[in-house]
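Trainee: Could we go through this structure together, one question at a time?

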Amino acid sequence: MKIATVVYWIARLLAAVIMLQTLFFKFTASAESVYIFTTVGMEPWGRIGVGVMELIAAILIVVPATAWLGAGLALGLMVGAIGMHLTLLGIAVQGDHGYLFGLALAVTLCSIYVLIHDKDKVLSRIRSLQKTS
């Protein structure tokens, strides 16, 4: 197996695992999650909505045919998360020493790698959308 294929699978699985493990905290309304979404003015519906979107992204990124779509969704979600950290929350949230920020960066990098690896699929889909409009 090529090294690029191994890295591709690792990136997909890492992004999915990170997003899936944070769902427990969002869906159980953990104190830290409620604090974060209250601070950014999105509690409770933003917390639940982001959780649902992360669940969808995690499922899509694991399925080979839709990995690029999951990576795109995950990237969009993580850009939002990183933006909230840089503007409203700070890098460290409630003494986590930047752990959540680091997880968002990891998912971002994994998603970018998947999108680059699947660039032909992405470009093909864009071309097919252009033909129908």
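**A partly exposed leucine and what surrounds the question**

Mentor: Leucine 20 counts as partly exposed, because its relative accessibility is 40%. Keep in mind that this is a predicted model.

Trainee: In which helix is the place of leucine 20, and which helix gives the largest share of the nonpolar patch?

Mentor: Leucine 20 has its place in helix α1, and Leu20 belongs to a nonpolar patch on the surface that also includes Phe27, Trp45 and Ile48, with about 870 Å² of accessible area for the patch together. The elements that give two or more residues to the patch are α1 and α3. The largest share, seven residues, comes from α3.

Trainee: Which residues of the largest nonpolar core touch the most other members?

Mentor: The core has 21 residues, and α1 (3–27), α3 (45–62), α4 (67–89) and α5 (99–117) each supply at least two of them. Alanine 15, leaving aside residues up to four places away in sequence, touches Ile61, Val107 and Cys110. The members that touch the most others are Ala15, Met19, Ile61, Val107 and Val114.

Trainee: How many residues does the second, separate core have?

Mentor: This core is separate from the one just described, and among its members are Val40, Val50, Leu89 and Val93. Its residue count is six.

Trainee: Which residue forms a salt bridge with lysine 26, and is that pair buried or exposed?

Mentor: By the rule applied, the count comes to two salt bridges, and in one of them the closest N and O atoms of lysine 26 and its partner, glutamate 54, are 3.0 Å apart. Lysine 26 lies in helix α1 and glutamate 54 in helix α3, so the pair ties together parts that are 28 residues apart in sequence. The partner is therefore glutamate 54, and both lysine 26 and glutamate 54, by the under 20% cut-off, are buried.

Trainee: How far apart are the closest N and O atoms in the salt bridge of glutamate 43 with arginine 47?

Mentor: The two residues are covered to unlike degrees, because glutamate 43 counts as partly exposed at 27% relative accessibility, whereas arginine 47 is buried with a relative accessible area of 6%. In the salt bridge between glutamate 43 and arginine 47, the closest N and O atoms are apart by 2.9 Å.

Trainee: What kind of peptide bond joins glutamate 43 and proline 44?

Mentor: Proline 44 lies in the loop between α2 (31–39) and α3. Most peptide bonds are trans. Between glutamate 43 and proline 44, however, omega is about 0°, and the bond is cis.

Trainee: Which residues that are not glycine have a positive phi?

Mentor: One of them is found in the loop between α1 and α2, namely alanine 29, which at 36% relative accessibility counts as partly exposed and has a phi of about 55°. Another lies in the loop between α4 and α5, where phi is about 50° for glutamine 94. The names to note are alanine 29 and glutamine 94.

Trainee: Which residues does threonine 108 touch, not counting residues up to four places away in sequence?

Mentor: Threonine 108 lies in helix α5, and at 10% relative accessibility threonine 108 counts as buried. With residues up to four places away in sequence not counted, the residues that threonine 108 touches are Leu75, Met78 and Ile82.

Notes
Residues are numbered from 1 along each chain as its sequence is written. This is a predicted model: local features need pLDDT of at least 70, side-chain atom pairs count only at pLDDT 80 or more; totals for chains, interfaces and linings use all residues. Side-chain values use heavy atoms; hydrogens and water are left out. A nonpolar core is a set of buried Ala, Val, Leu, Ile, Met, Phe, Trp, Tyr and Cys residues joined through side-chain atoms within 4.5 Å. Buried means under 20% relative accessible area, exposed over 50%, partly exposed in between (1.4 Å probe, protein chains only). Helices (H or I, at least four residues) and strands (E, at least two) are DSSP runs, numbered from the N terminus. Contact means heavy atoms within 4.5 Å. Patches are made of residues with over 30% relative accessible area and no salt bridge: like charges are joined within 9 Å, nonpolar side chains (Val, Leu, Ile, Met, Phe, Trp, Tyr) within 5 Å. Accessible areas come from the Shrake-Rupley method with a 1.4 Å probe; for residues, only the protein chains shown count as cover. A salt bridge is a side-chain nitrogen of Lys or Arg within 4 Å of a carboxyl oxygen of Asp or Glu.
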